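This report describes the fold, the burial and the contacts of one chain. The sequence and the coordinates come first.

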Amino acid sequence: MTTSTGSRRINWPSVITVISAAILIGAEVFGAAFAGGWALSILFGLDTFGEHVLQVVLFLCGVAVMAAFMRTAARVEPFTRKG
């Protein structure tokens with residue numbers, strides 16, 4: 001196992017870029033989850049409880065999408081740099 005003796009610094013432009021993109025994509029994903037849950041509950045004739053359950057399921061799918069986005073974004077835009 002090797003250890004790094006150099007210090008790591010936060011790469012602020014990359015961090016700000018990823019956070020900004022996450023806010024934009026998150027608003028779209030979670031808005032679509034709630035709107036989709038509402039629309040699908042009407043389509044399938046569900047009651048209010050069924051609508052909320054469907055929205056929670058779609059919201060959890062949105063969390064998975066955002067987690068995958070953040071993992072990929074951290075690989076493409078590193079948050080730290082040496083020096």
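A contact here means heavy atoms within 4.5 Å. The model is predicted, so local features need pLDDT of at least 70 and side-chain atom pairs count only at pLDDT 80 or more, while totals for chains, interfaces and linings use all residues. Residues are numbered from 1 along each chain as its sequence is written, and side-chain values use heavy atoms, with hydrogens and water left out.

**Overall form**

The chain has two helices and two strands. Helices (H or I, at least four residues) and strands (E, at least two) are DSSP runs, numbered from the N terminus. Along the sequence their pattern is β-α-α-β. The radius of gyration of the chain is 19 Å, well over the 12 Å that the globule rule gives for 83 residues, so the chain is more spread out than a compact globule. That radius is taken over C-alpha atoms, and the globule rule is 2.2 Å times the number of residues to the power 0.38. Along the principal axes, the C-alpha atoms fill a box of roughly 60 × 30 × 15 Å.

Of the 83 residues, 19% are buried. Buried means under 20% relative accessible area, exposed over 50%, and partly exposed in between (1.4 Å probe, protein chains only). The chain exposes about 6,100 Å², and carbon and sulfur atoms supply 72% of this area. Accessible areas come from the Shrake-Rupley method with a 1.4 Å probe; for residues, only the protein chains shown count as cover. Among contacts between residues at least 6 apart in sequence, 75% join residues at least 24 apart.

**The two helices**

The expected span of a helix is 1.5 Å times one less than its number of residues. For both helices, the distance between the end C-alpha atoms agrees with this value.

| Helix | Residues in helix | Expected span | End C-alpha distance |
|---|---|---|---|
| Helix 1 | 33 residues | 48 Å | 47 Å |
| Helix 2 | 29 residues | 42 Å | 42 Å |

In helix 1, the buried residues are Ser14, Val15, Val18, Ala22, Gly26, Val29, Ala33, Gly37 and Ser41. Their cover includes strand 1 and helix 2. Helix 2 buries Gly50, Glu51, Gln55, Gly62, Met66 and Ala73, and these residues pack against helix 1. As background, an α-helix has 3.6 residues a turn, so residues three or four places apart point the same way. Just after helix 1, Gly45 takes a positive phi of about 70 degrees.

**Individual residues**

The contacts below leave out residues up to four places away in sequence.

Asn11 lies in the loop between strand 1 (8-10) and helix 1 (12-44). With 15% relative accessibility, Asn11 counts as buried. Its contacts are Pro78, Phe79, Thr80 and Arg81.

Gln55, in helix 2, is buried at a relative accessible area of 11%. Gln55 touches Ala33, Phe34, Gly37 and Trp38.

Phe30 belongs to helix 1 and is partly exposed, with a relative accessible area of 22%. Phe30 is in contact with Phe59, Gly62, Val63 and Met66. The C-alpha atoms of Phe30 and Cys61 are 9.2 Å apart, although 31 residues separate the two along the chain.
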